[in-house]
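I opened this entry to keep track of what I looked up in the model, beginning with what counts as a contact and then moving through the fold, the core and the ligand shell.

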Amino acid sequence: ASARRPLIAGNWKLNPATAPEALALLKLVVANQRALESSGRTAELPDVAIFPPFPFLQLAVDAVAGTGIKVGAQNVGLEGKGAFTGEVSASMVRSLGCQLVLLGHSERRLLYGEDDEMIRRKVRLALDGGLDVVLCVGETEAEYEMGLLPAVCALQLKKALHGLQPADLERISIAYEPVWAIGTGRTATPAQAQDAHAIIRSVIAELFEHEPARAVRIAYGGSVTPESIDDLMRMPDVDGALVGGASLIADKFSRIVEFA
Ligand code: PEP
């Protein structure tokens, strides 16, 4: 879509179960990426990112070396350092060679009680710690049916991005992820995704003026498959995809990276 370089990102969630399995998946993902990169169409390829679980981040950073794949964490804690047992900081993740972090995923919001204020603090900490951010927003099915998509997405964006400068936005991509589409097999239609992305872009314009809104990437997430990616990517405001389930199958992920 437009001049924005697309972003295809894989969210591995709590998968796979062990480090050897993670390494096996990484090898397949890297082999596919190398094949795409050596096809001579490098200029056409999107930015590619994977978000493995914390214990596999170093494996991932090492495995993707020499390819264009970026590695990110699925979350970071609310503190920079100190007596916070069990937490992980942005600078720790950065120091492994990771470049990104996923924040505000609906599973964090709904299963682990992350609210917009926590997400706002994490966005600030991530940027200060040297990580670029993929910020997830999206409405639940009940909210969608009540016509609250614009209000919910606007509130989530305004709260998470509060206090940031236009220059900060250059390090943030948005993922529109309707909760009703995540892991359900119910992909939003291209028209539904386009409508939501246009709304999100208009909220960003309200917050940061026209140019940052024109430049920000808005990826769609929610049951994206090799079958649905091409039509989604034809929409003018759909700048990529955040892929859950299909990112665990290397050939499916590669086909999504290679969208028409
Ligand atoms: C996700 O978790 O970000 C996601 C979009 O999952 P899935 O593709 O499995 O719906």
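Before listing neighbours I noted the cut-off: two residues are in contact if their C-beta atoms, placed from the backbone, lie within 7 Å. I also noted that this is a predicted model.

Entry on Leu135. I looked up this residue in strand E5, which covers residues 132-137. Leaving aside neighbours within four places in sequence, I found Leu135 in contact with Leu103, Gly104, Val123, Ala160, Ile172, Ile174 and Ala175. For one of these partners, Ile172, I took down the C-alpha to C-alpha distance to Leu135, which is 7.0 Å although the two are 37 residues apart in sequence. Is Leu135 buried or exposed? Leu135 is buried, because 23 other C-beta atoms lie within 10 Å, and the cut-off for a buried residue is 20 or more.

Entry on the core. I then asked which residues touch the most other members of the largest nonpolar core. That core has 74 residues, and the ones I wrote down are Val101, Leu135, Ala241 and Ile256. For Val101, not counting residues up to four places away in sequence, I listed Gly72, Ala73, Val76, Ala90, Val93, Ala126, Leu131 and Val133 as the residues it touches.

Entry on helix H12. Ile256 led me to this helix, residues 250-257, where Phe253, Ile256 and Val257 are buried. These three cover an arc of only 105° around the axis, which puts them on the same side of H12. I checked what the buried residues of H12 pack against, and noted strands E1 (7-11), E2 (47-51) and E8 (240-243) together with helices H1 (19-37) and H11 (226-233).

Entry on the whole protein. I recorded twelve helices and eight strands. The radius of gyration is 17 Å, close to the 18 Å that the globule rule gives for 260 residues, so the protein is as compact as a globular protein of that length. Along the principal axes, the C-alpha atoms fill a box of roughly 50 × 45 × 35 Å. Buried residues make up 42% of the 260 residues, and of the contacts with a separation of 6 or more, 73% are between residues 24 or more positions apart.

Entry on the ligand. Around the ligand I listed Asn11, Glu177, Ile182, Gly183, Gly221, Gly222, Ser223, Val224, Leu242, Val243, Gly244 and Gly245. I sorted this shell by residue class and noted four nonpolar, seven polar and one charged.

Conventions
Residues are numbered from 1 along each chain as its sequence is written. This is a predicted model: local features need pLDDT of at least 70, side-chain atom pairs count only at pLDDT 80 or more; totals for chains, interfaces and linings use all residues. A residue is buried if 20 or more other C-beta atoms lie within 10 Å of its own, exposed if 12 or fewer, and partly exposed in between; C-beta atoms are placed from the backbone. Helices (H or I, at least four residues) and strands (E, at least two) are DSSP runs, numbered from the N terminus. The arc is that of the directions from the helix axis to the C-beta atoms. The radius of gyration is taken over C-alpha atoms; the globule rule is 2.2 Å times the number of residues to the power 0.38. A residue is near a molecule or strand if its C-beta atom, placed from the backbone, lies within 6 Å of it. Ala, Val, Leu, Ile, Met, Phe, Trp, Tyr, Cys and Pro count as nonpolar, Asp, Glu, Lys and Arg as charged, and the others, Gly among them, as polar. A nonpolar core is a set of buried Ala, Val, Leu, Ile, Met, Phe, Trp, Tyr and Cys residues joined through C-beta atoms within 7 Å.
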